[in-house]
Amino acid sequence: QVQLVESGGGLVQPGGSLRLSCAASGGIFSLYVMGWYRQAPGKQRELVASIPSSGSAAYADSVKDRFTISRDNAKNTVYLQMNNLKPEDTAVYYCNANLFTNFNYWGQGTQVTVSS
């Protein structure tokens with residue numbers, strides 16, 4: 001019983017930045033490992049970054065040193081700061097909430113397009 005709504009996507013030039021937000025409602029937010037996935041046309045959905053309430057964040061190699069995931073448990077919100085965007089970052093980005101490994105909830109996605 002978790003609802004996730006992403007926002008912040010858009011069209012940016014290579015080298016630009018965007019910050020995605022995911023607002024969660026329902027459940028107890030602090031219990032969930034939050035993550036960002038993305039899916040480009042013709043490709044499978046892939047994990048971009050994840051962050052638990054405690055512990056360190058994890059990143060895909062393709063976004064390390066460019067993206068930063070963070071969460072504000074008081075606001076029930078998780079963010080993805082994306083810097084130095086590349087055309088290959090173009091995808092629909094999905095927010096994910098994971099509970100006890102086997103329970104997953106997904107947002108509807110937000111489009112990120114990196115193009116000159």
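Two strands are taken to pair if DSSP finds at least two bridges between them. On this basis, the strand arrangement of the predicted model is described below, beginning with strand β9.

Strand β9 spans residues 91–99 and is mostly covered, nine of its nine residues being buried. Pairing of β9 with strand β11 (residues 110–114) is antiparallel and runs over three bridges; within β11, T110 is the residue opposite Y93. Strand β4 (residues 33–39) also pairs with β9 in the antiparallel sense, here over seven bridges. Y93 of β9 stands opposite R38 in this context. A further antiparallel pairing, over four bridges, links β9 to strand β10 (residues 103–106), where N104 is found opposite N98.

The hairpin formed by β9 and β10 has three residues between the strands. Among the residues of this loop is F100, whose phi is positive, at about 50°, although F100 is not a glycine. Most residues other than glycine have a negative phi. With a relative accessibility of 63%, F100 counts as exposed. A comparable description applies to N84, which is located in the loop between β8 and β9. N84 is not a glycine, yet its phi is positive, at about 50°. At a relative accessibility of 42%, N84 is classed as partly exposed, because that category covers values between the 20% limit for buried and the 50% limit for exposed.

An open sheet of four strands was identified with the order β1-β3-β8-β7 and antiparallel pairing. Its edge strands are β1 (3–7) and β7, each of which pairs on one side only. From one strand to the next, the twist averages 15°. Within this sheet, strand β3 (residues 18–25) and β8 are joined in the antiparallel sense by six bridges, and T77 in β8 is the bridge partner of A23. Strand β8 (residues 77–82) pairs with β7 in the antiparallel sense, also over six bridges. In that pairing, V78 of β8 lies opposite R71.

The edge strand β7 (residues 67–72) has two distinct faces. F67, I69 and R71 make up the covered face, whereas T68, S70 and D72 make up the uncovered one. In a regular strand the side chains alternate between the two faces of the sheet. Four residues separate the strands in the hairpin of β7 and β8, and in this hairpin N76 adopts a positive phi near 50°.

One disulfide is present in the structure. The bond joins C22 to C95, with an S to S distance of 2.0 Å. C22 lies in strand β3 and C95 in strand β9, so the pair ties together parts that are 73 residues apart in sequence. The torsion about the S-S bond of C22 and C95 is about -85°, and the disulfide is therefore left-handed. C22 has a relative accessibility of 0% and so counts as buried. C95 is likewise buried, its relative accessible area being 0%. C22 can also be related to the β7 and β8 hairpin through N76: the C-alpha atoms of C22 and N76 are separated by 8.4 Å, although these residues are 54 residues apart along the chain.

The interior was also examined for enclosed space. The structure holds one cavity of 30 Å³ or more, and the space in the largest cavity amounts to about 50 Å³. The lining of the largest cavity consists of V2, A24, S25, G26, G27, F29, Y32, M34, N76 and A97. Classified by type, six of the lining residues are nonpolar and four are polar, with no charged residues. N76 thus appears in two parts of this description: N76 is one of the residues lining the largest cavity, and N76 takes a positive phi in the hairpin of β7 and β8.

Methods:
Residues numbered from 1 in each chain as written. Predicted model: local features only at pLDDT ≥ 70, side-chain atom pairs only at ≥ 80, totals over all residues. Heavy atoms only, no water. Buried < 20%, exposed > 50% of the residue type's maximum accessible area, 1.4 Å probe, protein only. Axes fitted to C-alpha atoms, helices over the stretch in contact; angles between N-to-C directions. Disulfide = S-S within 2.5 Å. 1 Å grid on protein atoms, 1.4 Å probe; cavity = no way out; pocket = protein on both sides within 12 Å on 5 of 7 lines; lining within 4 Å. Points joined across faces, edges and corners; volume = space filled by probe spheres on them. Nonpolar A, V, L, I, M, F, W, Y, C, P; charged D, E, K, R; others polar.
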